[in-house]
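Me: I am new to this structure and would like a close look at a single part of it. Please take one sheet and describe how it is built and what lies across it.

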Amino acid sequence: MQFASEEAMSDLDKIDNFASAMIKAATIDDLLWSIAKTIGETLAFDDCVIYLKKGNTLQQKAAFGVKNPECRQLLNEIEINLSEGIVGYVAQTGIAEIIPNTQNDKRYIWDEFSGQSELTVPVLYEGETIAIIDTESATLDYYTEEDMRLLQVIAKIASPRIVSAITCSQLHQAKKQLKESNMQLEFTISQLKQNQETLVHSEKMASVGLLAAGIAHEINNPLGFSLSNMSVMADYVREIKNVNNRSMSCKVMEENSKSHISSNEYQMMLEDMRCIVLETTDGLIRIKNIVADLCGYVRTEEKQHDYFDVNEAVRASANLLRGEIKGHCQLDLQLEAMPLLYGVSGKINQVIMNVLHNAIQASPDESIVKIKSYSNNSEVVIEISGSGIAAENLKDIFTPFYTTKSVGQGTGLGLFICYKIIKEEYNGDIRVVSSNENGTTFSITIPLPHSEQATLKVG
């Protein structure tokens, strides 16, 4: 290929220099400064300023010459409305202009460098102005039509590159904001998790408060007869010692002593002692079990996942609620052989305790509350049945802070927390059906773990 003239080759070299400089620019700032510097140096203009359009304004972003006394610094950076100045007019019309004498143009905005002539070219993308290349010279009538055409070619080359750089900058900013948002979200989730654990424990402690009176009564009863029995036991022991002492003091046991030891009264006392020991032991075991079940229910540090028997959770809840049940209603347990579940047993204890406690409280005197457990190949089911719940209350039963109890009798969080535990932590389900004829049944369904370690446990 041969060029028509040396001047044409010179223009191509200028464009080549400009394009090469643009390729090396990594960011929008690098690009705009590169455009200003390359134009100023290659075309030997006194001053070159790059404006970027933002809304209804033009913002100075880069410069070469008087406006740029130091590397990448703008002297008195200004922002121009689209209705102001020569650059604003060119941005609106999208048509390049040569101003031979700026002193004769009322649109000219005086700045640090008051040029005698000006060449302003819009950078267009899809018919819209996205930037302005504004150059000034200290010489009157400095710019030619050839200068304008050359600068317009440069603007066309720069246009897609500027759009691409802006898009990359926006993507980078969006990525940065997304990362910050994710970090904030992770922190928020962590806080919510902590708050949820606190909420669960608060509801658990509220339940403990409601159970305390019944548990105290249950503990006092076996303690009372155990202490009374032990007092009688002490009298018996003294009497046995007296008999033995008399027997031991005789070299040959007298007939009357033999008669005393073999008497029905003495033999009945020995048998009664045996019964007292058994009864006392049973009472103390009951106390131990109640305290152990209560401690297991309120324990907060239990985080370890392990295999457990859900029937044990049912029995523990029934044991803790013995005081609520006695003299009020009957508890019918129908517990089948169950596979072991995997998780934190204390959470399931809390669910069963809450639902069972609600069923007992809602049941009239001399009614029956039933608990049934069974399993199939994929899940275990615990059904707790009691008196009916009004139909208008069913839709809100798992809503937080909803309660039909009197003020101070319930927080409205119990069933909501039960729902979250079963649905979110065990990927199970908790449903309720109610009718006037059949009462209310809560059905708790928990998937079985996919492990051969889930062995069968006798109910």
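Reply: What follows goes through one sheet, strand by strand, and then turns to the helices and the protein as a whole.

The model is predicted. The sheet is open and has six strands, in the order β3-β2-β1-β6-β5-β4, with antiparallel pairing. At its edges stand β3 (79-81) and β4 (97-99). Each of these has a single partner strand, so one side of β3 and one side of β4 are left without a neighbour in the sheet. From one strand to the next, the twist averages 25°. In general, the strands of a sheet pair through backbone hydrogen bonds, and the pairing is either parallel or antiparallel.

One pair can be followed in detail. Strand β5 covers residues 117-125 and strand β6 covers residues 128-137. The two pair in the antiparallel sense over nine bridges. Within this pair, V123 stands opposite A131 in β6.

Two helices lie across strands of this sheet. Helix α2, residues 28-42, lies across β1 (47-54), β2 (57-65) and β6. Helix α2 runs at about 50° to β2. Helix α3, residues 85-93, lies across β1, β2, β3, β4, β5 and β6. The angle between helix α3 and β5 is about 30°.

As for the setting, the secondary structure of the protein comes to 11 helices and 15 strands. Of the 459 residues in the protein, 39% are buried. The accessible surface of the protein is about 25,900 Å², and 53% of that surface belongs to carbon and sulfur atoms. Among contacts between residues at least 6 apart in sequence, 66% join residues at least 24 apart.

Conventions
Residues are numbered from 1 along each chain as its sequence is written. This is a predicted model: local features need pLDDT of at least 70, side-chain atom pairs count only at pLDDT 80 or more; totals for chains, interfaces and linings use all residues. Side-chain values use heavy atoms; hydrogens and water are left out. Two strands pair if DSSP finds at least two bridges between them. Helices (H or I, at least four residues) and strands (E, at least two) are DSSP runs, numbered from the N terminus. Axes are lines fitted to C-alpha atoms, for helices over the stretch in contact, and angles run from 0 to 180 degrees between N-to-C directions. Contact means heavy atoms within 4.5 Å. Buried means under 20% relative accessible area, exposed over 50%, partly exposed in between (1.4 Å probe, protein chains only). Accessible areas come from the Shrake-Rupley method with a 1.4 Å probe; for residues, only the protein chains shown count as cover.
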